Amino acid sequence: MIPSGDCSIQNVARKLGISSRTLQRNLAQAGTTFKVELQSVQKKMALHFSKDLNLTTDEISYLLGYSEVSSFTRAFRKWTGMTLNQYRKKLI
């Protein structure tokens, strides 16, 4: 659902067979939100994809569901404190 950009709370709730309000309540009881969980998954995916040096920034951005590469690069810097290229150099 993430690469397609179709990862809304409504679509996730439908896949789980519950209402979006129920999903929101369950997440709130767990002390989190849909946005926080989505960003957590995107971060994990970004760190995983960054290990594949054949993937470009544009491709990783697309795989994470970002419509703008600049939004992805800002998020990646927020998560890691560095650019994708800096992170990759650190891995080598």
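This is a short talk on the helices, the buried cores and the aromatic pairs of one predicted chain.

First, the conventions. The model is predicted, with local features needing pLDDT of at least 70, side-chain atom pairs counting only at pLDDT 80 or more, and totals for chains, interfaces and linings using all residues. Residues are numbered from 1 along each chain as its sequence is written, and side-chain values use heavy atoms, with hydrogens and water left out.

Confidence next. pLDDT is the predictor's confidence in each residue, from 0 to 100. The mean over the chain is 95, and 100% of its residues reach 70 or more. Among the elements, H2 has the highest mean pLDDT at 97, and H6 the lowest at 94.

Now the overall layout. The chain has 6 helices and 0 strands; these are DSSP runs numbered from the N terminus, helices being H or I with at least four residues and strands E with at least two. In order from the N terminus, the elements read α-α-α-α-α-α. The C-alpha trace spans about 45 × 25 × 20 Å along its principal axes. Of the 92 residues, 29% are buried. Buried is under 20% relative accessible area, exposed is over 50%, and partly exposed is in between, with a 1.4 Å probe and protein chains only. Contact here is heavy atoms within 4.5 Å. Of the contacts with a separation of 6 or more, 43% join residues 24 or more positions apart.

Start with H1, residues 9–16. Its buried residues are Ile9, Asn11, Val12 and Ala13, and what covers them includes H2 and H3. After H1 comes Gly17, which has a positive phi near 80 degrees.

H3 takes more time. How far apart are the end C-alpha atoms of helix H3? They are 24 Å apart, which agrees with the 24 Å expected for the 17 residues from 34 to 50 at 1.5 Å a residue. The expected span is 1.5 Å times one less than the number of residues.

Which residues of H3 are buried? They are Phe34, Gln42, Ala46, Phe49 and Ser50. Seen down the axis of H3, they fall within an arc of 120 degrees, so they line one face of the helix. The arc is taken from the directions from the helix axis to the C-beta atoms. As background, an α-helix has 3.6 residues a turn, so residues three or four places apart point the same way. On the other side of H3, Lys44 and His48 are exposed. The cover over the buried residues of H3 includes H1, H2, H4, H5 and H6.

Two residues of H3 in detail. Gln42 is buried, with a relative accessible area of 8%. Neighbours within four places in sequence aside, Gln42 contacts Ile2, Leu64, Tyr66 and Trp79. Ser40, also in H3, is partly exposed at 28%. Its C-alpha lies 19 Å from that of Glu68, with their positions 28 residues apart in sequence.

On to the cores. A nonpolar core is a set of buried Ala, Val, Leu, Ile, Met, Phe, Trp, Tyr and Cys residues joined through side-chain atoms within 4.5 Å. The largest has 13 residues, and those with the most contacts inside it are Ala46, Ile60, Leu64, Tyr66, Phe72, Phe76 and Trp79. H3, H5 and H6 are the elements that give it two or more residues, and H5 gives the most, with 4. A second, separate core of 8 residues includes Ile2, Ile9, Leu23 and Phe34.

Last, the rings. Rings of Phe, Tyr and Trp (its six-membered ring) pair if their centres lie within 6.5 Å; planes under 30 degrees apart are stacked, over 60 edge-to-face, and the rest tilted. The count by this rule is 3 aromatic pairs. One of them is Phe76 with Tyr87, edge-to-face at 5.5 Å centre to centre and 85 degrees between the planes. This pair links distant parts of the chain, with Phe76 in H5 (residues 69–80) and Tyr87 in H6 (residues 84–91), 11 residues apart. Both Phe76 and Tyr87 are buried. Ring pairs link Tyr66, Phe72, Phe76 and Tyr87 into a cluster. Residues up to four places away aside, Phe76 touches Ala46, Leu47, Gly81, Met82, Thr83, Leu84 and Tyr87.

For contrast on H6, Asn85 lies in that helix and counts as exposed at 53%.
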